[in-house]
Amino acid sequence: MFFLSLIEHTLCLPPHLLNLPLDEAIKGELETLFLDKVIPNLGLCISIYDIRDIKDGFIYPGDGASTYTVHTASKIKHVEKWNKDFSANKAFSTFETECTHWVQFRLVMFRPFVGEIIVGKLKSSDANGLKLSISFFDDIHIPVHLLPNPSSLMPNPENKHQGVWSWEFQDEQYPIDGKDEIRFRVHSISYPPIPIEQEKEAKPFAPMVITGSLDYDGLGPISWWV
Amino acid sequence: MKIVQANAGALTNFEVLDFLRSRGASTDPTRVIAPVAPSEFKVYDYLVQSAVCNQTRESINEFLKRCEKYDLANAEKLNIINIRPSSLVEIDPIIEECEKRMKSEDVEELVEMVVQVLPEHPASVGIERGTDVDKISPDQELMEAN
């Protein structure tokens with residue numbers, strides 16, 4: 001389910017973070033930027049795994065931003081260099097300094113591979129198929145043609161759009177009613193492009209959608225097989 | 001932002017759980033002061049009630065050693081470690097073309113090895129040993145990025 005991805009990024013540290021140790025300040029900024037966000041074709045960022053390298057920052061004269069490289073091994077070097085840079089650029093830097101750093105780091109990404117078996121819970125069930133959720137990720141869709149064959153929908157009398165899917169096997173009905181967890185196989189992952197306009201009533205945009213399949217022995221609610 | 005390596009290594013669910021634990025995530029009330037974000041806690045909560053919550057590095061290494069003779073693909077070993085199948089029907093969707101690649105005695109042996117080596121999910125009810133099902137504990141593979 002999870003992969004490590006190696007990323008390089010140049011980020012700007014706002015002035016109020018400059019009193020923190022550099023590692024902490026940079027980690028905090030990375031978390032604000034990447035945590036719980038989807039990167040297309042990489043997946044959902046779960047966590048910052050580690051920071052590999054931070055390179056010299058440099059000062060852009062005029063806007064008060066100072067960006068420079070710091071080698072994380074030595075914090076003392078960092079402070080000395082900062083002081084040197086500050087005095088050398090006295091003419092340009094103001095007290096509103098920002099620090100820009102080039103950082104190389106690894107992220108823990110949630111990106112299941114095709115064919116992976118994942119256990120999830122039923123979120124909703126309607127004529128289009130099932131929607132499953134795994135607490136930190138909700139956009140898992142099991143379309144009708146990937147349900148166990150043959151399946152039939154028993155519509156909910158209260159709500160026409162919802163219903164309970166039920167698998168028919170050896171003359172017995174096995175409903176998927178959400179009482180226990182459901183095992184599914186990942187069929188594909190898609191990253192729909194961000195829509196330019198959305199209608200007011202439309203569902204919130206899902207940047208990453210997993211399509212799953214239940215059409216195999218051993219898949220479906222765990223109680224069917226255990 | 002530049003992606004240097006999209007895939008710098010796969011992680012088993014256990015490794016992610018271990019990583020979050022080392023950052024301070026836990027299920028008791030002290031979790032509120034740990035430096036762990038709410039979204040990370042959701043991942044932690046999901047993993048802690050899944051089949052990997054009792055796993056250890058030793059059991060995973062043991063699994064990897066013992067499953068070498070079955071010639072499984074890395075993806076299959078990862079699936080087995082994450083799901084911990086305890087019966088033939090549970091391991092069936094994991095191994096591609098199971099009947100062609102492995103004889104049924106080998107699959108039974110593998111399931112038995114899985115059940116032996118990998119710790120059981122605490123919430124699962126013990127599966128009764130039938131005459132036709134031999135549980136084998138899968139060896140767990142650690143696929144860590146360098």
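Helix 2 of chain B, in this predicted model, packs through its buried residues against parts of both chains. On the chain A side, those residues meet strand 1 (2-13), helix 1 (22-34), strand 3 (43-55) and strand 7 (117-126), while helix 1 (13-23) of chain B joins in from its own chain. The helix itself spans residues 38-48, and its buried set consists of B:S39, B:E40, B:F41, B:V43, B:Y44, B:Y46 and B:L47.

Stay with chain B for a moment and look at helix 4 (residues 74-83), where you'll find B:N82. With a relative accessibility of 6%, B:N82 counts as buried because the cut-off is under 20%. Leaving aside residues up to four places away in sequence, B:N82 touches A:M1 and A:E116 from chain A, plus B:T12, B:N13, B:A51 and B:V52 from chain B.

Now hop over to chain A and the loop between strand 8 (129-133) and strand 9 (140-143), which holds A:F137. Loop or not, A:F137 is buried, at 5% relative accessible area. Its contacts, again skipping residues up to four places away in sequence, are A:L44, A:F110, A:M208 and A:I210. A:F137 also sits 9.7 Å from A:D36, C-alpha to C-alpha, although 101 residues separate the two in sequence.

Further along chain A, 3 strands make an open antiparallel sheet in the order 10-11-12. Strand 10 (151-155) and strand 12 (172-175) are the edges; each has a single partner strand, so one side of each has no neighbour in the sheet. Neighbouring strands here are turned by 35° against each other on average, ignoring direction. Between strand 10 and strand 11 (residues 163-169) there are 5 bridges, and A:S151 has A:W167 of strand 11 as its bridge partner.

Technical notes
Residues numbered from 1 in each chain as written. Chains lettered and ligands numbered in written order. Predicted model: local features only at pLDDT ≥ 70, side-chain atom pairs only at ≥ 80, totals over all residues. Heavy atoms only, no water. Helix = DSSP H or I, 4+ residues; strand = E, 2+ residues; numbered from the N terminus. Buried < 20%, exposed > 50% of the residue type's maximum accessible area, 1.4 Å probe, protein only. Contact = heavy atoms within 4.5 Å. Pairing = 2+ DSSP bridges. Axes fitted to C-alpha atoms, helices over the stretch in contact; angles between N-to-C directions.
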